[in-house]
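Reader: I would like a close look at one part of this model, the pockets and their linings. Please add the salt bridges afterwards, with the cut-offs behind each term.

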Amino acid sequence: MPDRIAIHFGFSGAPDAWGSKTAFFFWYFVLTFIIAGGYALLQRTFSQKNTSWISIPNKEYWLEPERADETLDYLRRGLLLLGSGTLLFVLDLVHQSFQVSLGHASKLTHIWTSAAIYIVLCIAWIAGVYRRFASPPVS
């Protein structure tokens with residue numbers, strides 16, 4: 001990598017600020033740690049002892065003791081998927097910025113496509129949670 005790396009991009013995807021590769025990688029690792037650590041911590045907080053902050057449809061039914069483990073496992077797996085998608089989005093942005101810094105591109109090549117895919121993933125995850133917990137199964 002060159003000593004100076006594109007560190008900020010305008011709305012069009014063109015670089016508008018450059019910085020040292022040391023600063024870039026420092027903030028990249030800090031951001032990655034915060035994202036991965038945040039999702040890991042969030043997953044660990046899902047327990048039957050502390051469900052007051054969880055907001056899902058029909059919460060009383062789905063968090064009854066006989067269903068709570070299955071419900072919390074579903075949410076943990078969903079958060080793992082969402083966290084992985086978030087890290088992939090960041091990795092894609094870093095890859096695009098590397099391409100600019102190396103002179104292989106003059107701007108971020110598909111920032112809006114990446115953002116749209118990430119937003120669709122988030123919306124799909126939220127819709128999946130609502131669909132899964134929308135109503136208790138009919139017995």
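Author: The pockets come first, then the salt bridges.

The model is predicted, so local features need pLDDT of at least 70 and side-chain atom pairs count only at pLDDT 80 or more, while totals for chains, interfaces and linings use all residues. Residues are numbered from 1 along each chain as its sequence is written, and side-chain values use heavy atoms, with hydrogens and water left out.

A pocket here is an open set of points on a 1 Å grid over the protein atoms alone, where a 1.4 Å probe fits, with protein on both sides within 12 Å along at least five of seven lines; a lining residue has an atom within 4 Å of a point. Grid points are joined across faces, edges and corners, and the volume is the space filled by probe spheres set on the points.

The largest pocket has a volume of about 360 Å³. Its lining has 19 residues, with I7, F9, F24, L93 and V94 nearest the centre. Two or more lining residues come from each of β1 (4-9), α1 (21-44), α3 (65-101) and α4 (111-133); helices (H or I, at least four residues) and strands (E, at least two) are DSSP runs numbered from the N terminus. By class, the lining holds 16 nonpolar residues, 3 polar and no charged. Nonpolar covers Ala, Val, Leu, Ile, Met, Phe, Trp, Tyr, Cys and Pro, charged covers Asp, Glu, Lys and Arg, and the others, Gly among them, are polar.

The second largest pocket has a volume of about 200 Å³. Of its 13 lining residues, S55, I56, L75, W125 and V129 lie nearest the centre. Here α3 and α4 are the elements that give two or more residues, and α4 gives the most, with 4. This lining divides into 12 nonpolar, 1 polar and no charged.

The model has 5 salt bridges, each a side-chain nitrogen of Lys or Arg within 4 Å of a carboxyl oxygen of Asp or Glu. One of them joins K21 to D3, with the closest N and O atoms 3.8 Å apart. K21 is in helix α1 and D3 in the segment before β1, so this pair ties together parts 18 residues apart in sequence. K21 is partly exposed at 29% relative accessible area, whereas D3 is exposed at 57% (buried is under 20%, exposed over 50%, partly exposed in between, with a 1.4 Å probe and protein chains only).

In the bridge between D73 and R76, the closest N and O atoms are 2.7 Å apart. These two residues are 3 apart in helix α3, about one helical turn.
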